[in-house]
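Visitor: Please take me through one part of this structure in close detail. I would like the salt bridges and what surrounds them.

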Amino acid sequence: MLSAVVSSLHLLALAIGLPAVFVRGRALKGRLDADGLRRLLAADNVWGIAALLWIVTGLLRAFGGLEKGTEFYLRSPLFWTKLALFLAILLLEIRPMVTFIRWRVQLGRGGVVDTSVAPRLYTLNHIELALVVVMVFVASMMARGFGFSPR
């Protein structure tokens with residue numbers, strides 16, 4: 001039962017995260033007035049929550065004895081591909097994350113934020129979006145045993 005719940009939460013993280021990162025990108029492309037910034041930061045919050053849920057449930061599935069077993073994952077080249085994609089997303093996310101934290105602090109102090117980096121953040125955002133989609137395909141192939149290296 002726990003395995004099914006964790007697996008469902010893992011998929012739910014995708015259902016939450018993919019639209020959130022898409023909406024974040026749309027907000028970055030739009031007007032970044034007070035309402036635009038509010039939409040952007042709200043979508044970023046949801047993206048962060050989804051990422052946290054994804055990480056926790058992914059670790060539980062791979063290393064918590066809930067799924068196919070740790071050995072299955074560690075011997076699967078597709079698992080390592082999925083981890084590489086995840087790491088790329090994480091590295092790409094550093095700049096938006098730091099920028100949005102700074103913007104939140106600045107707004108919290110009643111200041112005005114410099115949104116001139118929004119076009120670059122938009123590009124990073126859509127690269128992340130594409131990598132998430134690729135990661136879903138890799139995960140689906142991995143779950144079906146493709147690329148598995150038996151002993």
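Guide: What follows starts with the whole chain, moves to the salt bridges, and ends at a surface patch.

This is a predicted model, in which local features need pLDDT of at least 70, side-chain atom pairs count only at pLDDT 80 or more, and totals for chains, interfaces and linings use all residues. Residues are numbered from 1 along each chain as its sequence is written, and side-chain values use heavy atoms, with hydrogens and water left out.

The overall frame first. The protein chain has five helices and zero strands. Helices (H or I, at least four residues) and strands (E, at least two) are DSSP runs, numbered from the N terminus. Along the sequence the pattern reads α-α-α-α-α. The C-alpha atoms fill a box of roughly 60 × 30 × 20 Å along the principal axes. Of the 151 residues, 35% count as buried. Buried means under 20% relative accessible area, exposed over 50%, and partly exposed in between (1.4 Å probe, protein chains only).

Now the first two helices. Helix H1 covers residues 2-29 and helix H2 residues 34-63. Their axes come within 7 Å and cross at roughly 155°. Axes here are lines fitted to C-alpha atoms, for helices over the stretch in contact, and angles run from 0 to 180 degrees between N-to-C directions. The angle makes H1 roughly antiparallel to H2. The cut-offs: under 35 degrees is roughly parallel, over 145 roughly antiparallel, 65 to 115 roughly perpendicular, and the rest oblique. The H1 and H2 crossing is left-handed, meaning that the near helix is turned anticlockwise from the far one by less than a right angle; clockwise would be right-handed.

On to the salt bridges. Side chains of opposite charge can pair when their charged atoms come close. The criterion is a side-chain nitrogen of Lys or Arg within 4 Å of a carboxyl oxygen of Asp or Glu. The whole structure has six such bridges.

Arginine 24 is the residue to inspect. Glutamate 93 pairs with arginine 24, with the closest N and O atoms 2.9 Å apart. This pair links distant parts of the chain: glutamate 93 is in helix H4, arginine 24 in helix H1, and 69 residues separate them. Both residues are buried. Glutamate 128 also bridges to arginine 24, at 3.6 Å between the closest N and O atoms. Glutamate 128 lies in helix H5 (residues 118-143) and arginine 24 in helix H1, so this pair ties together parts 104 residues apart in sequence. Glutamate 128 counts as buried because its relative accessibility is 0%. Arginine 24 is also at 0%.

Another bridge joins glutamate 71 and arginine 75 at 2.2 Å, N to O. Glutamate 71 is partly exposed at 39% relative accessible area, and arginine 75 is partly exposed at 21%. Elsewhere, bridges with shared partners join Arg24, Asp44, Glu93, Arg104 and Glu128 into one network.

Last, helix H4, which spans residues 77-108 and holds leucine 90. Isoleucine 101 is in H4 too. Leucine 90 is partly exposed at 44% relative accessibility; isoleucine 101 is partly exposed at 47%. Isoleucine 101 sits 9.3 Å from leucine 41, C-alpha to C-alpha, with their positions 60 residues apart in sequence. Leucine 90 and isoleucine 101 are among the residues of a nonpolar surface patch, which has about 670 Å² of accessible area together. Its other members are Leu87, Leu91, Ile94, Met97, Val98 and Val105. Patches take residues with over 30% relative accessible area and no salt bridge, joining like charges within 9 Å and nonpolar side chains (Val, Leu, Ile, Met, Phe, Trp, Tyr) within 5 Å. Accessible areas come from the Shrake-Rupley method with a 1.4 Å probe; for residues, only the protein chains shown count as cover.
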